[in-house]
Amino acid sequence: MGTAEERAGVALTNLDQPLFADAGATKRDLVDYLDAVRDRILPGLAGRPLSVVRVLRGQDPFMQKNLPKYTPGWVNSVEMWAEASRRSVRYALCDDRRTLVWFANQRAIEYHVPLHRADDRTRPQYMVLDLDPPEGEGFAHVVAAARLVHRALADSGLSGAVKTSGAKGLHIFVPVDASDDDAAAATRALAARAERLDPETATTAYIREERGGKVFLDSTRAYGATVVAAYSPRIRPGTPVSFPVSWDDLDNVTPHDFTVHTAPALLESRDPWAEELPAPQQLPADLVEEGHTIPVARVVAMHEGKRRKRAAQQEG
């Protein structure tokens, strides 16, 4: 056991243990990082049902949605029905420094939130496109796809901000004032418009085998789906973080430029995510209308999977 310390009223333990294999960071580094960026990360977490990915010593990472019974009473929470697991879940609301430090001490490394607040679940605050590179391709391919999305946004009279996912891809956030149905539809249409600009670079094909080595424009971050928060660390070699990047700088960075060790010094006194995000925008009617004609990718994939299974059974 490491020597216990205290920060923000939270007793900290085992601070000198490695976070995970290939992390290149200790639990102390995690606590120090999250505390250093608290004024930037908390605005994206506060008021939103929080899911975290934890790594306990000697165990595989796991996602925690439901707060454990030993959670301190001062951690704010909200009860919500989880459709996937068909049960009520008590989600944390990470609203303050003390709660963030407590999660860090719990070895919560990744911080994932939905696009809506807990007090208004039918109106997401953002549309999000998650750009996922094909296996074995470099970051430049993702940047090229992001440029297509940027053009599609401009052509639609919209603007957005971009950040690294903390893994291999990029997340493009578009602040909106819209219902969940219209935001989901507009996200599908935005992806389709970006794909049409250069179908050799980007694809909206949900089924991996159909992507043909192209960057996947994932438009399924809608309704209750979550996305990793800006400034959140990721469980990847070197412990990178999801970090805001200006559109002008995209060609000059890689995801590994931003880690729990390097990110605080890059920020200085700024909050580039708050600076880059535009104000909420009204969705163009034609974008929404187009989106409502595009099937939801996961539903299409589900039906295709069933079709292939039937075909295989018939051949067998």
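**Exercise 1. A salt bridge and its surroundings**

Is Glu 275 buried, exposed or partly exposed, and what is its relative accessible area? Work this out for the predicted model, and then place Glu 275 among the salt bridges of the structure.

*Solution.* Begin with the accessibility: Glu 275 has a relative accessible area of 47% and is partly exposed, because the partly exposed class lies between the 20% limit for buried residues and the 50% limit for exposed ones. Next, consider the partner: the side chain of Glu 275 meets that of Arg 270 in a salt bridge, with an N to O distance of 2.7 Å. Arg 270 is likewise assigned to the partly exposed class, its relative accessible area being 37%. Elsewhere, salt bridges with shared partners connect Arg 7, Asp 32, Asp 35, Arg 38 and Arg 97 in one network. The structure as a whole contains 18 salt bridges.

**Exercise 2. The environment of Glu 110**

Determine where Glu 110 lies, which residues it touches, and with which side chains it forms salt bridges.

*Solution.* Start from the secondary structure, in which Glu 110 belongs to strand E7, residues 108-114. Then take the accessibility: Glu 110 has a relative accessible area of 5% and is therefore buried, since the limit for that class is under 20%.

Now list the contacts, leaving aside residues up to four places away in sequence: Glu 110 touches Ser 51, Val 52 and Val 53, and also Ser 232, Pro 233, Arg 234, Ile 235 and Arg 236. As a further distance in the fold, the C-alpha atoms of Glu 110 and Pro 61 are 10.0 Å apart, while the two residues are 49 residues apart along the chain.

Turn next to the charged partners, recalling that side chains of opposite charge can pair when their charged atoms come close. The side chains of Arg 234 and Glu 110 form a salt bridge at 3.2 Å, N to O. This pair joins distant parts of the chain, 124 residues apart, with Arg 234 in the loop between strand E13 (226-228) and strand E14 (244-245) and Glu 110 in strand E7. Arg 234, at a relative accessible area of 10%, is buried.

The side chain of Glu 110 also meets that of Arg 236 in a salt bridge, here at 3.8 Å, N to O. Again distant parts of the chain are linked, for Arg 236 lies in the loop between E13 and E14, 126 residues from Glu 110. Arg 236 counts as partly exposed, at 31% relative accessibility.

**Exercise 3. The faces of helix H8**

Which residues of helix H8 are buried, and against which helix do they pack?

*Solution.* First, identify the buried residues: in H8, which spans residues 285-292, these are Leu 287, Val 288, Glu 290 and Gly 291. Viewed down the axis of H8, the buried residues fall within an arc of 165 degrees, so they line one face of the helix. Then examine the face turned away from this buried side, where the exposed residues Ala 285 and Glu 289 are found. Finally, name the packing partner: the buried residues of H8 pack against helix H5 (180-197).

**Exercise 4. The nonpolar cores**

Which residues of the largest nonpolar core touch the most other members?

*Solution.* They are Phe 103 and Leu 131, in a core of 85 residues. To this core helix H4 (residues 139-155) gives the most, with nine residues. A second, separate core has seven residues, among them Val 89, Tyr 91, Leu 93 and Ala 118.

Note on methods
Residues numbered from 1 in each chain as written. Predicted model: local features only at pLDDT ≥ 70, side-chain atom pairs only at ≥ 80, totals over all residues. Heavy atoms only, no water. Buried < 20%, exposed > 50% of the residue type's maximum accessible area, 1.4 Å probe, protein only. Helix = DSSP H or I, 4+ residues; strand = E, 2+ residues; numbered from the N terminus. Arc of directions from axis to C-beta. Contact = heavy atoms within 4.5 Å. Core = buried A, V, L, I, M, F, W, Y, C linked by side-chain atoms within 4.5 Å. Salt bridge = Lys/Arg side-chain N within 4 Å of Asp/Glu carboxyl O.
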